[in-house]
Amino acid sequence: MSETLTDNRAALYAPVSHLMHRDDWERLYADDIEAILRLKKERDAVILAHNYQTPEIFHCVADIRGDSLALARAAQTLDQSVIVMAGVHFMAETAKLLNPEKTVLIPDTRAGCSLAEGITAENVRALKAAHPGIPVVTYVNSTASVKAESDICCTSGNAKRLVEGLGVSKIIMIPDEFLARNIEAETGIEMITWPAHCEVHERFTPQEIRQYRRIHKGVTVIAHPECPPDVVAEADFSGSTAQMQDYIAEKQPGKVLLVTECSMSDNLSVFFPATSFVRPCNLCPHMKRITLAGIRHSLETMETSVSIPAHLQNRARQAVERMLAA
Ligand code: 13P
Ligand code: SF4
């Protein structure tokens, strides 16, 4: 290996050095990382990575990292002609809605989401018929066909501000029942909900959080609002994955329990070496479909390119754009 290549590899490895051995990183990831960095230039591509991506993706090849809101915002401002979404399918769809002229690649089309799969456009039409005149606020964790039936989208990062801004006393908030109930508790606005849940966050229990508090005295508990309300009630703070990061940056707690997907603690531990992370681990099987090898293959073959049926595009885009403008 040439000296420059070795130096370059050392720099690429540095952010994840406390998470994995150098030999393993070299054996498992280094070739794919170098190939991806080269392919990004050749293809004029940018990689967007959600906070739940594994550290070798998140810290070694991603250009833009963040929560669903940050990735949607970033997707509005990109110069590159190709976007690779290291995240799940609805995130790639959102990026495509905002960039109809660009190629948006999802490295594994099986990277779904239990929330997005938990409701159909027909379900939304039935809800609207049963509750005429009530605005429909739809979590971005939804398909383009469901977004197309909605007045406005939201993420966990802007849901409270956004529903309060509507100035109404009742809202149809779909598809995440727990997010809707958590926002209802915070705002007092009555929510008509839908019984879909995040398969990762629904598994946490209040008993488990209390048990962690007994074992780890003084731990700061931060729960994602996709958790059941009785779990959020046990937390010191609840917010989107980016808001979790901001909270730690501001409060600098010594020990933190992130009640969310496994990779979140790994990724934030790189930014906050002085904070120790208790690691409850509920893995998102959909996020984990995305691998370095898959990203490399996607850039080599330019597959799979996301497309959205023409009749849905304008209405779905409007719901996302209203959210970003609000
Ligand atoms: P945020 O990163 O927007 O908090 O969302 C979490 C999530 O589950 C995305 O699928
Ligand atoms: Fe969907 Fe939950 Fe996975 Fe996020 S963590 S992609 S909400 S299943």
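Angles between a helix and a strand are taken here between N-to-C directions and run from 0 to 180 degrees. The exercises below concern a predicted model.

**Exercise 1. Work out the order of the strands in the sheet that contains E9, and state which helices pack on that sheet and at what angles.**

Step one is the strand order: four strands form an open sheet arranged E10-E9-E11-E12, and their pairing is parallel. Step two is to find the edges, which are E10 and strand E12 (276-278), since each of these pairs on one side only.

Step three looks at a single pairing, that of strand E9 (residues 220-223) with E10, where two bridges join strands that run parallel. Within this pairing, Ile222 has Phe237 in E10 as its bridge partner.

Step four adds the helices. Helix H12 (residues 241-251) packs on the sheet and touches E9, E10, strand E11 (255-259) and E12, and its direction makes about 160° with that of E9. Helix H13 (residues 262-271) lies across E11 and E12, and runs at about 180° to E12.

**Exercise 2. Describe the sheet that contains E1, from its strand order to the helix H14 that packs on it.**

Begin with the order, which is E2-E1-E3-E4 in an open sheet of four strands with parallel pairing. The edges are then strand E2 (64-66) and strand E4 (103-105), each of which pairs on one side only, and from one strand to the next the twist averages 20°.

Turn next to the pairing of strand E1 (residues 45-50) with strand E3 (residues 82-86), which is parallel and extends over five bridges; here Val46 stands opposite Ile83 in E3. Finally, helix H14 (residues 292-301) packs on this sheet, where it touches E1, E3 and E4, and its direction makes about 160° with that of E3.

**Exercise 3. How many cavities of 30 Å³ or more does the structure hold, and which residues line them?**

The count is two cavities of 30 Å³ or more. The largest cavity contains about 230 Å³ of space, and of the 26 residues that line the largest cavity, those closest to its centre are Tyr52, Asn141, Cys198, Glu226 and Met287. Sorted by class, its lining has 11 nonpolar, 11 polar and four charged residues.

The second largest cavity has a volume of about 70 Å³, and its lining is made up of Ser68, Leu71, Ala72, Met85, Phe90, Met91, Thr94, Ala95 and Val140. Helix H4 (68-75) and helix H5 (89-98) are the elements that give two or more residues to this lining, with H5 providing the largest share, four residues. The class division for the second largest cavity is seven nonpolar, two polar and no charged residues.

**Exercise 4. Why does the largest pocket lie between domain 2 and domain 3?**

First, establish the pocket itself: about 200 Å³ of space lies in it, and it is lined by 17 residues, of which Ser156, Lys160, Ile183, Glu186 and Ser238 lie nearest its centre.

Second, identify the contributing elements. Helix H8 (159-166), helix H9 (177-187) and strand E10 (237-238) each supply at least two lining residues, and H9 gives the most, with five residues.

Third, assign the lining to domains: because domain 2 (118-197) and domain 3 (201-278) both give residues to it, the largest pocket lies between them. As a last step, the classes of the lining residues of the largest pocket may be listed, namely seven nonpolar, seven polar and three charged.

Definitions and conventions:
Residues are numbered from 1 along each chain as its sequence is written. Chains are lettered from A and ligands numbered from 1 in the order in which they are written. This is a predicted model: local features need pLDDT of at least 70, side-chain atom pairs count only at pLDDT 80 or more; totals for chains, interfaces and linings use all residues. Side-chain values use heavy atoms; hydrogens and water are left out. Two strands pair if DSSP finds at least two bridges between them. Contact means heavy atoms within 4.5 Å. On a 1 Å grid over the protein atoms alone, a cavity is a set of points where a 1.4 Å probe fits but cannot get out, and a pocket is an open set with protein on both sides within 12 Å along at least five of seven lines; lining residues have an atom within 4 Å of a point. Grid points are joined across faces, edges and corners, and a volume is the space filled by probe spheres set on the points. Ala, Val, Leu, Ile, Met, Phe, Trp, Tyr, Cys and Pro count as nonpolar, Asp, Glu, Lys and Arg as charged, and the others, Gly among them, as polar. Domain bounds come from an automatic or database domain assignment.
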